[in-house]
Each structure stands twice: as structure tokens, then as C-alpha cells.
Amino acid sequence: MFIEEADPRGFEMGTWAMDKSQWVDGFAIFHGNITTLAFADGHGELHKWIDGATIQAAKGFSQGNYNFFWTGGGTLKNPDFAWMWDKYRFVGWKPLTQ
């Protein structure tokens, strides 16, 4: 999976990560709180972020708030995190649970 990234540090260019309990890296949010994703099978998707904390953290990250290890996800309570985890996880990784 490839994700549109906005990392003003210039770190980890070409990589992006998350784990089952938190976001790890920031991502770009442009044009109405939307991010573009591309997948290894050749398809692409736009995702419109809906959780206010997710939107605030991603915009802050792109503006220099470099601590993106925030726990504003990790459960099904954050619909953006749950959506991304479902797209990001490898076959065999367990789905998120409440």
C-alpha cells in the first residue's frame, strides 16, 4: 500500500507505518480532508477522514508537530483507524476488536 504523505522532517521517505494500537507516521490530508492511497494490486482509493482527532493530528503533523505517535486510534471507536487498519493489515493479522 502507498499513502500520500506530508512529512516536513523528510524522514522515512518512501515508508509509512501503523500498528494495532496507534498511528505511527503522519499522512497528508488535502482537498476536503481526503488522502489518496494506492495498493499493490493496482487499484487506488480516496479516503475522506471523518474523525476530528485524526484530522487535527494529521494536519498538525504536516505543519511541524512531529510527534505522530498518538493513541487517537487503536480501537473500533475511531472509524478512520479501523478503516485504515483493515486496509493496512497483512493476511493473518487479526482484525481490531473493541
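**Sheet, helix and core in a predicted model**

Biologist: Where do we start with the sheet, and what is its strand order?

Modeller: In this predicted model, three strands make up an open sheet in the order E1-E4-E5, and their pairing is antiparallel. E1 and E5 are the edge strands, each of them pairing on one side only.

Biologist: How many bridges hold E4 and E5 together?

Modeller: Five bridges connect strand E4, residues 34-38, with strand E5, residues 44-48, in the antiparallel sense, and Ala38 is found opposite Gly44 of E5. The two strands form a hairpin with five residues between them, and in that turn Gly42 has a positive phi of about 100 degrees.

Biologist: And on the E1 side, which residue is the bridge partner of Phe2?

Modeller: That is Ala38 in E4; E1 and E4 run antiparallel and are joined by two bridges.

Biologist: Switching to H2, how does that helix lie relative to the strands?

Modeller: H2 lies across E1, E4 and E5, and its direction makes an angle of about 165 degrees with E5. Its buried residues are Asp80, Phe81, Ala82, Met84 and Trp85, and what covers them includes E4, E5 and H1, along with strands E1, E2 and E3.

Biologist: What caps its N-terminal end?

Modeller: Asn78 does, through a side-chain oxygen that lies 2.9 Å from the backbone nitrogen of Asp80.

Biologist: Now the core: which residues have the most contacts inside the largest nonpolar one?

Modeller: Of the 16 residues in that core, those with the most contacts inside it are Trp16, Met18, Trp23, Phe27, Trp49 and Met84. Helices H1 (52-62) and H2 (79-88) are the elements that give two or more residues to the core, and the largest share, four residues, comes from H2.

Biologist: Trp49 caught my eye; is that residue buried or exposed?

Modeller: Trp49 is buried, because its relative accessible area of 2% falls under the 20% cut-off. Leaving aside neighbours within four places in sequence, Trp49 has contacts that include Trp23, Phe27, Ile34, Ile55, Asp80 and Met84.

Biologist: How many aromatic pairs are there, and why is the Phe27 and Trp49 pair called stacked?

Modeller: The count comes to one aromatic pair. The ring centres of Phe27 and Trp49 are 4.4 Å apart and the planes are at 20 degrees, so the pair is stacked, given that planes under 30 degrees apart count as such. Phe27 is buried too, with a relative accessible area of 0%.

Biologist: Where in the chain do the two rings sit?

Modeller: Phe27 is in the loop between E3 and E4, whereas Trp49 is in the loop between E5 and H1, so that the pair links distant parts of the chain, 22 residues apart.

Definitions and conventions: Residues numbered from 1 in each chain as written. Predicted model: local features only at pLDDT ≥ 70, side-chain atom pairs only at ≥ 80, totals over all residues. Heavy atoms only, no water. Core = buried A, V, L, I, M, F, W, Y, C linked by side-chain atoms within 4.5 Å. Buried < 20%, exposed > 50% of the residue type's maximum accessible area, 1.4 Å probe, protein only. Contact = heavy atoms within 4.5 Å. Pairing = 2+ DSSP bridges. Polar contact = N/O pair within 3.5 Å; in protein donor to acceptor, adjacent residues only side chain to side chain. Axes fitted to C-alpha atoms, helices over the stretch in contact; angles between N-to-C directions. Phe/Tyr/Trp six-rings, centres within 6.5 Å; stacked < 30°, edge-to-face > 60°.
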